[in-house]
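Please work through the exercises below with the sequence and the model open side by side. Each task is followed by a solution that proceeds step by step.

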Amino acid sequence: MGAILDGNRLVLGTCYYPEHWSKELWREDLQRMLDAGIEVVRIAEFAWSKVEPTEGNFTYSFFDEFLDLAEEAGMKVIFCTPTATPPAWLTEKYPEVLNADINGTLYRHGARRHYNYNSPVYQELSKRITEKFASHYAKRPCIIGWQLDNEINCEMNVFYSESDSKAFRVFLKEKYETLDALNEAWGTAFWNQTYTDWEEIHVPRKTYSDSTNPHEVLDYTRFISDSARRFAKMQSDIIRKYLKPGDFVTTNGLFGNLDNHQMTKESLDFITYDSYPNFAYCLDAYSDEPGELKDRKWSRNLAEVRSISPVFGIMEQQSGANGWNTRMEAPTPRPGQMTLWTMQSIAHGADYVSYFRWRTCTMGTEIYWHGILDYSSRDNRRIGEVKDIHGKLAAMKEMAGSIYEAKVGIVKDYDNIWDAQLDVWHGRVENASQKALFKTLQLSHTPFDYVYLKDTTDADELKKYQVLFYPHATIITKEREAVLRAYVEAGGTLVVGCRSGYKNMSGRCVMDNLPGLLSDLTGTDIPEYSFIAPDAGKVTVKWGDTEFEASIFADLLEPAGEGKLEASYTSDYYAGSGALVCNTAGKGKAYYYGSAFNEESARIFLEKLNVISPYGDVIHAPEGCEIAVRAKGDDRYLFVLNYDKNPVEVELLQKGTDLYTGQEVSGKVELEGYQTLVVKL
Ligand code: GAL
């Protein structure tokens with residue numbers, strides 16, 4: 001993709017705010033960045049007023065002056081649209097552009113992201129500023145790409161303004177055409193909620209115990225996602241009119257209530273992510289529980305990013321302590337942690353890493369959100385670490401463009417993600433299973449991908465996975481069942497957990513025998529089900545010679561059709577009822593497991609299905625290290641990341657080349673606390 005993600009190099013960048021510093025500092029800052037190996041700056045995402053200081057008056061000289069210097073210095077620039085922070089003149093004159101809380105109280109000027117996507121005025125003014133930015137700046141030779149807005153759906157991903165209610169009605173009319181169809185989909189016969197006029201419909205408002213009709217809330221979440229996507233597309237369409245060949249459009253994520261996959265497909269060349277693993281060390285949230293994954297949990301987010309763009313960028317990579325003046329305080333990364341977090345991003349597919357931010361801001365809410373440099377700007381340990389990282393990336397550049405390897409997939413889809421947000425039965429099992437699967441896969445050194453199921457997903461996209469877990473496929477459609485079936489018939493192994501197949505796309509429960517549309521594929525019938533009672537004690541499952549604990553829920557299973565009972569519950573009144581059924585379909589197998597996953601059961605599934613620790617013949621490493629492999633053609637690059645602050649020993653069972661040093665490496669290797677190793681196998 002032009003200057004970054006070109007498949008040849010790993011590139012470093014930083015976030016710079018010319019508007020925060022005296023112009024005298026610009027030239028020296030740019031030179032010091034280049035000296036440290038930083039080749040790209042991202043600018044302007046919060047600087048609307050620098051170009052439109054008063055309504056309709058445009059002036060370009062501020063950024064032109066900066067871009068002149070960037071061009072002179074040889075610095076590349078990612079330019080942003082500034083819509084995340086509307087100017088004071090705008091919100092004062094047009095309060096309808098403001099977002100509101102659920103009670104209708106407006107969020108006022110003073111922070112950021114206080115606008116709503118659906119205000120016609122905001123759409124017009126955003127269109128105009130995007131057009132002005134792009135038509136004036138996009139031709140500049142130093143610009144290599146564009147970021148839309150900043151962190152779409154961050155801070156606030158629910159919207160309750162008047163414009164949102166109006167746009168929600170339009171969304172619903174397009175979707176349902178008639179009120180009868182809407183009333184049916186939302187089950188409004190329940191509690192006398194029937195709508196007789198479109199004007200009676202609003203975005204969710206305050207209701208008793210915040211228990212608004214769930215089918216309405218599910219559609220509302222889809223509506224928010226649509227609104228955000230439309231806003232991004234509006235900007236992307238404008239920028240593309242002016243884009244130089246080779247330049248890209250991206251935005252930085254990932255945030256909730258947004259179909260990031262669809263947004264990327266329709267508006268971006270690739271997604272970038274903002275990675276802040278130091279959140280794990282926030283003073284008010286820090287936990288030193290044994291086995292806590294802490295900063296390693298960010299690998300879960302990076303796996304999400306990879307599911308959108310297998311090779312991606314990090315637009316903001318943590319480089320200092322965090323803290324707003326109001327919250328989120330955390331320590332400075334220890335020596336080595338910046339490198340560790342950078343390599344964590346690269347291990348998952350980032351070929352561009354840009355540090356947030358060059359210098360710590362001396363004013364405003366983020367005075368404690370440290371960048372590479374402290375307020376004084378003196379050389380410090382962290383800029384030393386950036387220089388060292390730059391040396392490492394130069395030495396390992398051949399791995400650019402390689403793709404993360406995984407044989408296990410965890411299937412997800414937005415309908416179920418959003419249903420699990422609003423439905424506590426669904427959410428309870430979903431959250432527990434996702435957490436347990438991720439942790440078990442991480443600790444057992446079993447790389448995995450998230451695989452998003454859309455109505456357009458082809459079974460061919462799934463075939464590279466030996467095993468797919470779809471932990472709780474609560475909402476299922478005929479189309480999705482057909483894709484899963486084709487995957488299984490072609491030789492794949494599918495595992496679904498409890499509470500699968502009981503809802504339709506409106507989130508209404510089906511009247512079929514459960515698991516509904518998944519009955520046939522899994523060869524399973526569920527005559528009875530229950531939460532595991534809090535006083536039931538330990539409910540166990542016996543699978544062959546292995547016994548393990550069920551979690552949270554118990555679907556009591558019976559095999560149906562050709563399905564075979566593989567495991568049964570052994571305690572409480574569930575004893576003797578089926579806990580796991582396996583059905584053979586074509587060349588593959590589909591399992592229905594009647595409970596949620598915990599770390600014990602997840603490990604047993606990985607073992608029994610023969611997908612645990614696929615690099616066991618390449619490396620022995622303690623649980624505290626993450627193992628990842630990126631591959632390109634016949635070349636494979638092994639990442640070993642030590643998240644422990646203490647030294648650990650790993651053993652390479654094959655000879656390889658240490659990419660940082662170019663030296664051959666094999667056998668026992670000691671890694672310092674936070675040390676990383678990248679080995680070409
Ligand atoms: C990100 C945001 C940045 C900055 C940073 C630290 O979410 O994009 O602008 O706010 O967090 O708070």
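The exercises that follow concern a predicted model, and they go from the whole chain to single residues.

**Exercise 1.** Work out whether the radius of gyration of the chain agrees or disagrees with that of a compact globule.

*Solution.* Begin with the length: for 681 residues, a compact globule would have a radius of gyration near 26 Å. Next, take the value for the chain, which is 26 Å and therefore agrees with that expectation. Then add the contents and the extent: the chain has 18 helices and 27 strands, and its C-alpha trace spans about 80 × 75 × 45 Å along the principal axes. Finally, consider the packing, where 60% of the 681 residues count as buried.

**Exercise 2.** Decide whether Asn150 is buried or exposed, and find its contacts.

*Solution.* Start from the record: in an unreviewed UniProt entry, the annotation "binding site" covers Arg112, Asn150 and Trp324. Locate Asn150 in the loop that runs between strand 4 (143-147) and helix 6 (162-176). Because its relative accessible area is 2%, and buried means under 20%, Asn150 is buried. Beyond its neighbours within four places in sequence, Asn150 is in contact with several residues, among them Arg42, Glu45, Asn252 and Glu316; Arg112, also covered by the annotation, is another of these contacts.

**Exercise 3.** Identify which residues make the nonpolar surface patch of about 320 Å², and classify Tyr529 by its accessibility.

*Solution.* The patch is made by Val424, Trp425 and Tyr529. Of these, Tyr529 lies in strand 15, which comprises residues 524-531. Since its relative accessibility is 39%, between the cut-offs of 20% and 50%, Tyr529 counts as partly exposed.

Notes: Residues are numbered from 1 along each chain as its sequence is written. This is a predicted model: local features need pLDDT of at least 70, side-chain atom pairs count only at pLDDT 80 or more; totals for chains, interfaces and linings use all residues. Side-chain values use heavy atoms; hydrogens and water are left out. Patches are made of residues with over 30% relative accessible area and no salt bridge: like charges are joined within 9 Å, nonpolar side chains (Val, Leu, Ile, Met, Phe, Trp, Tyr) within 5 Å. Accessible areas come from the Shrake-Rupley method with a 1.4 Å probe; for residues, only the protein chains shown count as cover. A salt bridge is a side-chain nitrogen of Lys or Arg within 4 Å of a carboxyl oxygen of Asp or Glu. Helices (H or I, at least four residues) and strands (E, at least two) are DSSP runs, numbered from the N terminus. Buried means under 20% relative accessible area, exposed over 50%, partly exposed in between (1.4 Å probe, protein chains only). The radius of gyration is taken over C-alpha atoms; the globule rule is 2.2 Å times the number of residues to the power 0.38. UniProt positions are given in the numbering used here, feature names are shortened, and annotations may be inferred rather than shown by experiment. Contact means heavy atoms within 4.5 Å.
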